[in-house]
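Student: Pick one helix pair in this thing and walk me through it slowly, please. After that, tell me what else is worth a look in the rest of the complex.

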Amino acid sequence: MSEPFGALRQQLVEAATAFAASPGAVPDILAGIVDDVDRALREELEIFPVCHHSPASALAMVRRLREKQPKVIYLELCEDLTPLLTELRNCRLPVALQAFASELDTFPKDWGPLSVIAPITEASAEYQAIAYALDTPGVELVLVDRSTDHVFQWQPRTPATPAHADSPDSDSSDEDDAGELHGDAVGIEIGDLRPRFAELETHLLHHGKVRHWSEWWDQYVEQPLVDADYATYRQVMVLIGSLFRRLAPSGAERVTVDEDRERYMWTRMREHLATSGVDRSDCLYVCGAFHAASRVEQFGTGPDAAPFDITPRTATKWLYGLIPSSHSAIEGQFGLASGSVSIAAATWAKAVSRSKLATFQLEGQRGSRKRAARPAAGAVEAGPVADQLTQFLASPPDLHGFDEEELLGWCVDIVRLARRNGYLASTADAIAVFETSILLAGMRNRARPTPYDFQDAAVTCIEKDVIPGRRDVRRLCEILLGGDRVGQVGYDALPPLARDVYDRLTPIGLDLRKSTVQRALLDLNGRPELTPCSHLLWMLRYLLPDGAVRPIMGSRRLGERSIQESWDLSIGKHQRYIIELGYEGVTVEQVVERRLRRSVYAPDATAAVALRAVEDSILFLGSRRFTDELGARAVELLAAERTVDDAPDVLRRIRRLLAHYRATEPELPAWCGSFVTAGYAHYCTLLPTAFVDDETGVRQVGAMLGFLFTMEGLALSLGCDRAQLELAVRQSHPESPAKVALLWAAHHQLGLLPLADLRARCADLLGNPLVVPTFPQYLSGFVQALEPVPKLAAFVVEVMSDAFAHLPDPVLLPWLPTLITTLRDQAGELVPVLIREAGRTFPATLPAVDAWVPPWTATTGTPTQGPGSPGIAGPRPGGAAGGPGGPAGGLVGGGGGSAGWAGRGAAGGPGDGSGPGSARWDAAMPVLRLLAEHPSTCDDVAGLVGIPGDGGDGPGWLDLDLLNTPATPGRSTVQALLESHPGAMDALEALLIAG
Amino acid sequence: MTDDMLRAPAEVKYADELDWLESIDDGPKPFSWRLSPKMVRLFVLGSERADGLDREVSQKWFGDRSFVERSIVTLASDRGLLLIGDPGTGKSWLAELLSAAISRNSTLVVQGTAGTTEDHIKYSWNVSMVIAKGQSRASMIPSPIMTAMERGVIGRFEELTRSTSDVQDALISILSEKYVSIPELDDDNIVFAQPGFSIIATANSRDRGVNDLSSALKRRFNFVRIPVVTNKRSEAEIVRFRTAELLRRHRIELDVPPNLLDILLQSFADLRTAAASATSDDEKLESALSTAEQIGVLEDAILHSTFFGDRTLRAQTLAGSLVGSLARRSPEDLAILNKYWHGVVEPRSKQDGGDWSAFLEGGREAIATLS
């Protein structure tokens, strides 16, 4: 191992011996580095060391490809990504190759879904190699790195999530969407070249007098190498790779994986050489400089290389695609300084135009300007290895002269940009930035200002204030120096689902590839052909994150249909999400179905979630079978629930669904019936506990009662037993005032507590100074009771008015905010009822206020009206309080109406004006006729209470003539009944006299 | 000479070092600068082995290198330099070091207050001389800024935002036209700034709202924002460096045990975290908890130990000084310190023991005394 690096080795070893404190280590490292360079360069298969996002690498690659014209290119990239590469021609760079797996095999379940991305930028050596290989006939491109499956196979199985394994901390904290484009995928890069331990990097940064790694690399490697010849480039890159490798902590997990990768790559290359029979001198191996300095025993293509067993892939199902990437996303993922990839791209563009090189670009690719490829020169063999390192290390870099025009341009542009962003910048600032840049560069030993010096100068001269929300000058400089470029995946490279989305949205007539937000106006009446587009947009709205598609006008809910819709579409910017939907299914509908099914079978699914899924399924899919399946799952979930936290949500949703089915279907689906009966039993069971449980809120109990009362009609018709509810209410013994009020309301609804008693209880509360402070809480309970017992609305207005009239200010005022927040929470449901009721109760005009007497005081103060005064608010017909048409619509009508009828029956009596001819009598006529026509039930009842049947055409106790004769004051069927059975009245009279 | 002064300015204190740097400096010097920009940086940030100097230059200001570079470059340009930051971040110290290195004079200082007038920035008159001899250059009293202009050196303006807006605006013409005219005189009535003149102003970012700079003045300054040091290692360095200086000044020989320094730094770090999470002013200490404040606490503890103690710095004394320095409002600050002592120091003393236990005792006593 003497030449060609013997002299350099000797020189380094001597220097190390002279300066190192401890003998041995330093000379070994330095000599080892030279050996590594020597070894890599002697390998028959030409190794091309690269560094990621390095324009110098890309330029050297272009030059070398033009010279050598290899027949086979081996590339350090996951081998299973090969089919994706041809799709790059349909994309605008930067994009990322992605492998995605959600169905895992052998990997821990909590790792899923697995996602690996490999971003490709135009200013990279690997892209040049790919473009050359794909567009040159007869050239083969072989990806040799381990498969994406092996990426995870070789991950340590520690609790740490795999996503963070390769992503060091980024110092670009202000990047808002850095992680947005790549999500939490594991990033892989070709040519990762960075010191492996922090101290070395800190040391290099400190002595290089730079702030971050990208700046160090740019100043000390990139710039000197941009125009270096190929031999120098190769030797320097291997030297740096070897240096970082030898100074890496030995035995670290990462080094072990890297060595395994090298074994893998060399094994694959040897296999390919053996099977294809291609000459090694026609091949080029493109790998990171770190791997070029490899010392594994499998290194080299010689016949004596050690074998390496490649483990088979797991059965994990991998899906592949391209997703858009961006400079900032790459910087964020790989811990590069903010703006460094953009600066590299600018350096590349400048170097290409200066050197007039014809770079490679895939045929048909959009995005950058084409350069006419010069006819390729004849293949040139690499000459014998000569030492270029000594010269390179010994002399200062040959930098290009100071480009005054470029700096001037930057200074003028930054001032313009700053002004546009709200800074008070002027031409004087441009001059100051120019001057400061030059001074800073001089101070930092640079012949010409770098973009980083310019950035510092601009911050110094322009930034005076920090205003939140305004872009800072540093960010403006990044925008100026190339800005963040976001890539785009072309139509042909999209998965079927994404293509389908684009196709189906074509009728809208917008260019959806644009990354701006576009407004789409859909006149669904005028252009019915847009209805499917609207349908798809609603599905995308459900599937994609906020911002991708956003409805401005129009809504999609059960029972609603939009005539016109207006949408803000930003599909171009959110292309990645649409592509990732493609991994879940072939059509959007399929993905919606899978998502809905997944949501209801998730471990944390609840009945409310399942009902929501049912709603979504009706809205988006319209499949009766699938909806029924979700509904059945909702029943299961409800029966298994042990808490009632979701009761309000469940009630709201099931009401909406029942209303929908009643309006659109001839009969309710079976699951609806099961849900109502299961819910009835479930909430009856939990009611006593919920009343006393401190953790269950009033709102929840109110919703439970709402379910029980408003669904009662349906539940009873489906076989439920009312006794269950009555028992449950009797078992409830709440302690908190609000829940006590709720229970009173329930008692009232069940007919156990007449309104007069309820009123008396409230009067007692207000009259008792010890209880007065808690009265507002009772009121809160009554407000909540509006939902289950809507007929109490008038009473709540009355109680509230009483409270405002009688409560002392120190109690009332602190309570007002509570009342307002309670009402605001349920503004949609409770407040309209209350307002409507108040509107009916209070006078509408100012003069009427003076003469107004609250109806309740008028009622209670006029005994002549008797105990059977109809309804609650006196002036109104009693039927309005409990009749159909409450806030819950038809459903309330079912339950509330029947209960109201029963209540009125109990309250009604002689002298209440409810005899034949009155409105109530008219309302009762059909019922009486029905009873008359089917008398057997009544006969049995009459038999039971001791009225003899006449055996003829009607029940004896019911005088059918009454139905046809005008009202007879003082006589009714009840009266007739009482007359024929005086015993009960006699007993009552005796009791009263005794009392 | 330094022995005659309680606190010698930087150019006096580091005169040897500056002389030596000047002697070896072969870099290009802007205007009348005594040192080249690189040497100024070296003077402020200290030397390293890699610089290959015969003599070690100590680091005098701790912070990001780029701040110093940007400041120096600004002074070499046409604009004034405004150092802005929280109290105690070392703005004035940096300004002093820069002036000392560039012009060997850091004493041409105008202190901005609510009472500062335009006369303090430009010139005033010796009234008795004016009565005796009339207005002339001899009877004129130039301000420090005008003196700096005449000599072509750096003038300093401390707490710029504390002075009123009209006074601040007197700087506009000085920074733009670089001369001051004296209309009272018939001839020789313009003082032109000599090459090398510039202004270093400092402003407290907490006071910015008091008298914010006009846009015209802002345009004539480059702003360099100095952040609060949060890196524990740098902070330890600063405290050690400044305390050593104070000890020298007081001619006290006393060792600061490293674990007591740790306790001090940790306490400040804890209190800063608490202040950052406080939602109202009553929940945080009035003190800005800056590095300068830490130095003050340590100095107080050292002086106390020396003159009233056994010439050994103990944790109790440190705790007493900390409470004494930070408890400015009663009961708010005392309540916060009480909470800190019982919520943080007590568990820590149980866990770590050692000096923390003594620190706990000392703090309790001090709080009890003040309560």
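**A helix pair, up close**

Tutor: Start with who touches whom: from α33(A), the residues A:F775, A:L779, A:F782 and A:V783 meet A:V796, A:V799, A:M800 and A:A803 of α34(A). Sorted by class, this contact between α33(A) and α34(A) has 8 nonpolar residues, with no polar and no charged ones. Keep in mind that you're looking at a predicted model.

Now the geometry. Two packed helices are described by the angle between their axes and the distance between those axes. Here α33 covers residues 775-785 of chain A and α34 covers residues 793-806 of chain A; they pack at about 160°, and their axes are 10 Å apart. That makes α33(A) roughly antiparallel to α34(A), because angles over 145 degrees go under that heading. As for handedness, α33(A) passes α34(A) in a left-handed crossing.

For a second case, hop over to chain B. Helix α16 (residues 332-352) and helix α17 (residues 355-370) of chain B have axes that come within 9 Å and cross at roughly 160°. So α16(B) runs roughly antiparallel to α17(B), and the crossing of α16(B) and α17(B) is left-handed. On the α16(B) side, the contact is made by B:L334, B:L337, B:N338, B:W341, B:V345, B:E346, B:R348, B:S349 and B:D352. Facing them from α17(B) are B:W356, B:S357, B:F359, B:L360, B:G363, B:R364, B:I367 and B:L370. The class count for α16(B) with α17(B) is 9 nonpolar, 4 polar and 4 charged residues, so set that beside the α33(A) and α34(A) contact, with its 8 nonpolar, no polar and no charged residues, when you use the usual grouping by residue class.

Zooming out to the chains: chain A comes to 45 helices and 11 strands, and 41% of its 995 residues count as buried. Residue pairs 24 or more positions apart account for 74% of the chain A contacts with a separation of 6 or more. Chain B has 17 helices and 9 strands, with buried residues making up 42% of its 371 residues. The matching share of chain B contacts at 24 or more positions apart is 71%, again among those with a separation of 6 or more.

Where do the chains meet? The contact takes 17 residues from chain A and 21 residues from chain B. On the chain A side, α17 (427-443) and α18 (451-462) each supply at least two residues. The most comes from α17(A), with 7 residues. That side of chain A has 7 nonpolar, 3 polar and 7 charged residues. The predictor gives the complex an ipTM of 0.78 and a pTM of 0.63.

Next, a few backbone oddities you'd probably want to inspect. In chain A, the peptide bond from A:L93 to A:P94 is cis, with omega near 0°, and A:P94 lies in the loop between α4 (82-85) and β3 (95-101) of chain A. In chain B, B:E159 isn't a glycine, yet its phi is positive at about 50°. B:E159 is in the loop between β5 (154-158) and α9 (165-168) of chain B, and it counts as buried because it has 20 C-beta neighbours inside 10 Å. B:D188, also not a glycine, has a positive phi near 50°, and is found in the loop between β6 (179-181) and β7 (190-192) of chain B. With 9 C-beta neighbours inside 10 Å, B:D188 counts as exposed.

B:R233 lies in helix α12 (residues 232-250) of chain B and is exposed, with 10 other C-beta atoms within 10 Å. Between B:R233 and B:L265 there are 9.6 Å, C-alpha to C-alpha, at 32 residues apart in sequence.

Last, how far to trust it. Chain B has a mean pLDDT of 87, and 98% of its residues reach 70 or more; for chain A the mean is 78 and 82% reach 70 or more. Over residues 860-917 of chain A the pLDDT is below 50, and this stretch has 100 contacts in the model beyond near neighbours in sequence. Residues 951-956 of chain A also stay under 50, with 13 contacts beyond four places in sequence. Where pLDDT is low, the predicted coordinates should not be read in detail.

Notes:
Residues are numbered from 1 along each chain as its sequence is written. Chains are lettered from A and ligands numbered from 1 in the order in which they are written. This is a predicted model: local features need pLDDT of at least 70, side-chain atom pairs count only at pLDDT 80 or more; totals for chains, interfaces and linings use all residues. pLDDT is the predictor's confidence in each residue, from 0 to 100. Axes are lines fitted to C-alpha atoms, for helices over the stretch in contact, and angles run from 0 to 180 degrees between N-to-C directions. Helices (H or I, at least four residues) and strands (E, at least two) are DSSP runs, numbered from the N terminus. Angles under 35 degrees count as roughly parallel, over 145 as roughly antiparallel, 65 to 115 as roughly perpendicular and the rest as oblique. A crossing is left-handed if the near helix is turned anticlockwise from the far one by less than a right angle, and right-handed if clockwise. Two residues are in contact if their C-beta atoms, placed from the backbone, lie within 7 Å. A residue is buried if 20 or more other C-beta atoms lie within 10 Å of its own, exposed if 12 or fewer, and partly exposed in between; C-beta atoms are placed from the backbone.
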